[in-house]
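Dear colleague,

I am handing over the structure below, and I would be glad if you could keep it open while you read the notes that follow.

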Amino acid sequence: MKLAPLIPLIIAHRGASGYRPEHTLASYELAIGMGADFIEPDLVSTRDGILIARHENEISETTDVAAHPEFASRKTTKQIDGHEVTGWFTEDFTLAEIKTLRAKERLRFRNQSFNGQFEVPTFAEVIALAKRRSAETGRTIGIYPETKHPTYFRTIGLPLEEPLLALLQENGYRGRTAPVYIQSFEVGNLKRLRQVTDLPLIQLMEAVGRPWDFVVAGDPRTYHDLATPAGLMEIATYADGIGPDKRMIVPAGPDGRLLSPTSLVKDAHAAKLLVHPWTFRSDGSFLAPEYGGNPGKEYDQFFSLGVDGLFSDFSDTAVKGREAWSRH
Ligand code: G3P
Ligand code: CA
């Protein structure tokens with residue numbers, strides 16, 4: 001197992017998504033310029049089996065697909081991981097069709113002025129960006145791909161893992177020290193990946209609920225069960241770390257007020273697992289009141305609790321928070 005790095009990683013969550021439409025090359029590039037160590041593409045598949053960077057396979061929240069009359073008839077309703085979802089789905093579009101769309105900002109309270117400017121990138125394009133900017137900056141820009149809805153995509157004949165590993169292999173990502181972490185909220189696909197790759201793997205965890213593949217398999221265990229010392233020991237048999245909701249480390253009560261930290265960081269480290277919580281956001285609507293509008297206080301708290309990295313929408317603030325924390 002890897003040793004925890006001395007300096008916690010700043011992982012650009014969907015790029016610098018606090019400033020640019022998420023999962024665009026512009027968003028990733030801005031995050032790199034702000035000093036992020038890793039850029040995070042969530043991955044889904046097109047109809048022709050190409051991995052693209054989107055948070056969901058339903059793309060009306062983050063693209064202008066609804067404004068394209070030629071695709072109006074593609075609007076449909078599907079069951080995705082137990083939820084009824086209506087909209088337009090990447091698996092119903094070829095990559096050439098996806099490339100005619102433009103990204104838009106998901107959150108109304110963020111900057112809308114970049115809407116309509118940027119394409120949906122392929123995973124291959126994200127890798128190329130990381131490699132190009134690594135060469136230009138002299139820093140190693142890592143990639144942190146997430147398999148989204150892996151059971152669903154395998155069921156419809158568009159598995160994510162094979163093209164993911166093929167692209168990583170083609171691009172020279174090999175072994176435990178490669179600048180990549182593969183993440184998943186499901187367990188089964190990480191276990192299968194461990195059988196065929198040495199690349200670092202991260203088990204994501206929600207604060208509530210169960211991995212979807214557990215639901216499908218009738219396994220009653222919850223994410224809470226996975227976060228117990230026994231659960232963490234099992235995760236350590238196939239993964240290098242965990243990516244928990246930050247509220248599993250610093251919980252909040254029903255009134256939203258923060259509570260005392262849990263032992264999750266300590267327990268995970270005891271199991272020799274890295275800890276990369278999500279998601280750190282500077283927007284007032286996301287920041288807990290205890291931080292008094294200063295996101296630096298939240299970064300300081302989590303770095304002081306010993307996390308090995310964190311996912312942030314605001315790479316610049318995260319880097320500054322790390323610098324301030326490292327000085328005391
Ligand atoms: O992958 C870590 C974090 O990104 C998980 O949340 O929903 O933004 O993919 P989500
Ligand atoms: Ca993600």
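**Ligand 1 and the calcium ion**

In this predicted model, the side chain of Q183 places an N or O atom 2.5 Å from an oxygen atom of ligand 1. Taken on its own, ligand 1 has 280 Å² of accessible area, and the protein covers 92% of it. Two further side chains belong beside Q183 in this account: an N or O atom of the R14 side chain is 2.6 Å from an oxygen atom of ligand 1, while a polar side-chain atom of K148 lies 2.7 Å from an oxygen atom of the ligand.

The surroundings of ligand 1 also include H13, H55, F185, L204, W278 and F311, and the space that ligand 1 takes up is the largest pocket.

Which residues coordinate the calcium ion (ligand 2)? They are E40 and E146, each through OE, and D42 through OD, at 2.1 to 2.3 Å. Along the chain these donors follow the spacing E-x1-D-x103-E, and E40, D42 and E146 are also among the residues that surround ligand 1.

The calcium ion (ligand 2) has six donor atoms, and with angles of 59 to 159 degrees among them its site is irregular. For comparison, six octahedral donors would ideally give angles of 90 or 180 degrees.

Are E40 and D42 buried or exposed? Because buried means under 20% relative accessible area, E40 counts as buried at 2% relative accessibility, and D42 likewise counts as buried at 1%.

With best regards

Key: Residues numbered from 1 in each chain as written. Chains lettered and ligands numbered in written order. Predicted model: local features only at pLDDT ≥ 70, side-chain atom pairs only at ≥ 80, totals over all residues. Heavy atoms only, no water. Donors = N, O, S within 2.8 Å, 3.2 Å for Na, K, Ca; no water. Tetrahedral: all angles 85-135°; square planar, octahedral: opposite > 155°, others 65-115°. Buried < 20%, exposed > 50% of the residue type's maximum accessible area, 1.4 Å probe, protein only. Near = heavy atom within 4 Å. Polar contact = N/O pair within 3.5 Å; in protein donor to acceptor, adjacent residues only side chain to side chain. Areas by Shrake-Rupley, 256 points an atom, 1.4 Å probe, with all protein chains shown as cover. 1 Å grid on protein atoms, 1.4 Å probe; cavity = no way out; pocket = protein on both sides within 12 Å on 5 of 7 lines; lining within 4 Å. Sits in = over half its atoms within 2 Å of the grid points.
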